[in-house]
Amino acid sequence: MTAGDAERQAAPAFVFRLVPRRPTFALDMSDEERAIMGRHAAHWQPLIDSGQMVVFGPVLDETGSWGLGVVAADNESELRAFAAADPAVTTGTAEIELGRMLAGFVRGRERSPAGVE
């Protein structure tokens, strides 16, 4: 393991699952729900901008649609409070399930040979 590997695994990681009221939510949300989801995305934007959010977005599988986020964070209670303040949660549009990863690695971002991001 290199020093870079140790740095990438230093922060604890958390996985959250945003569970909407109905499985078809991402496919048939109303204008009001779409506005709420815009506020939901804006709520998490600071973690995306800081690089703490490793992945964030909607998932569509055989069970329906739901949201996924993986966050590198040091303070679980602050992250839980932040998640609880999410507009999708406070409006009752969805619930957030949050779990701490027991182990994991976050790979560093590398540029492709062509410089495509």
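These are my notebook entries on a predicted model of a single chain.

**Entry 1: confidence**

I started with how far to trust the model. The mean pLDDT of the chain is 85, and 79% of its residues reach 70 or more. I then went through the elements: helix α5, residues 87-90, has the highest mean pLDDT, at 98. At the other end of the ranking sits helix α1, residues 3-8, with the lowest mean, 48. Over residues 3-8 the pLDDT is below 50, and beyond near neighbours in sequence this stretch has four contacts in the model. Where pLDDT is low, predicted coordinates should not be read in detail. I left helix α1 there and moved on.

**Entry 2: layout**

I counted five helices and four strands in the chain. Read from the N terminus, the order of elements is α-β-α-α-β-β-α-α-β. Of the 117 residues, 28% count as buried. I also looked up how far contacts reach along the sequence: among those between residues at least 6 apart, 66% join residues at least 24 apart.

**Entry 3: the cores**

Which residues make up the largest nonpolar core? I found ten: F14, F16, W44, L47, M53, V71, A73, L79, A83 and L98. Strand β1 (13-20), helix α3 (31-50) and helix α4 (76-84) are the elements that give two or more residues to this core. Apart from it lies another core, of six residues, including L18, F25, A88 and A94.

I picked A83 from the ten-residue core for a closer look. Leaving aside its neighbours within four places in sequence, A83 is in contact with W44, V89 and I96.

**Entry 4: α3 against α4**

Next I checked how these two helices pack. Their axes are 10 Å apart and make an angle of about 150°. An angle over 145 degrees counts as roughly antiparallel, and α3 and α4 are therefore roughly antiparallel to each other.

Which residues meet here? From α3 I noted H43, W44 and L47, and from α4 L79, F82 and A83. Sorted by type, the residues of this contact are five nonpolar, one polar and no charged. W44, L47, L79 and A83 also appear in the ten-residue core.

**Entry 5: P20 and A94**

Is P20, in strand β1, buried or exposed? P20 has a relative accessible area of 14%, so it is buried. Not counting neighbours within four places in sequence, its contacts are F25, S65, W66, T93 and A94. I also looked at E95: it lies 75 residues from P20 along the chain, yet the two C-alpha atoms are separated by 6.4 Å.

That list took me to A94, in strand β4 (residues 94-100). With a relative accessible area of 7%, A94 is buried too. Beyond its neighbours within four places in sequence, A94 touches L18, V19, P20, A88 and V89. A94 and V19 are 75 residues apart in sequence and 5.3 Å apart, C-alpha to C-alpha. V89 turned up earlier among the contacts of A83.

**Entry 6: R22**

I finished in the loop between β1 and α2 (25-28), where R22 is placed. R22 has a relative accessible area of 25%, which means it is partly exposed. Leaving out residues up to four places away in sequence, R22 touches D28, M29, S30 and E33. S65, already noted as a contact of P20, lies 43 residues from R22 in sequence, with 8.2 Å between their C-alpha atoms.

Key:
Residues are numbered from 1 along each chain as its sequence is written. This is a predicted model: local features need pLDDT of at least 70, side-chain atom pairs count only at pLDDT 80 or more; totals for chains, interfaces and linings use all residues. Side-chain values use heavy atoms; hydrogens and water are left out. A nonpolar core is a set of buried Ala, Val, Leu, Ile, Met, Phe, Trp, Tyr and Cys residues joined through side-chain atoms within 4.5 Å. Buried means under 20% relative accessible area, exposed over 50%, partly exposed in between (1.4 Å probe, protein chains only). Contact means heavy atoms within 4.5 Å. Axes are lines fitted to C-alpha atoms, for helices over the stretch in contact, and angles run from 0 to 180 degrees between N-to-C directions. Angles under 35 degrees count as roughly parallel, over 145 as roughly antiparallel, 65 to 115 as roughly perpendicular and the rest as oblique. Ala, Val, Leu, Ile, Met, Phe, Trp, Tyr, Cys and Pro count as nonpolar, Asp, Glu, Lys and Arg as charged, and the others, Gly among them, as polar. pLDDT is the predictor's confidence in each residue, from 0 to 100.
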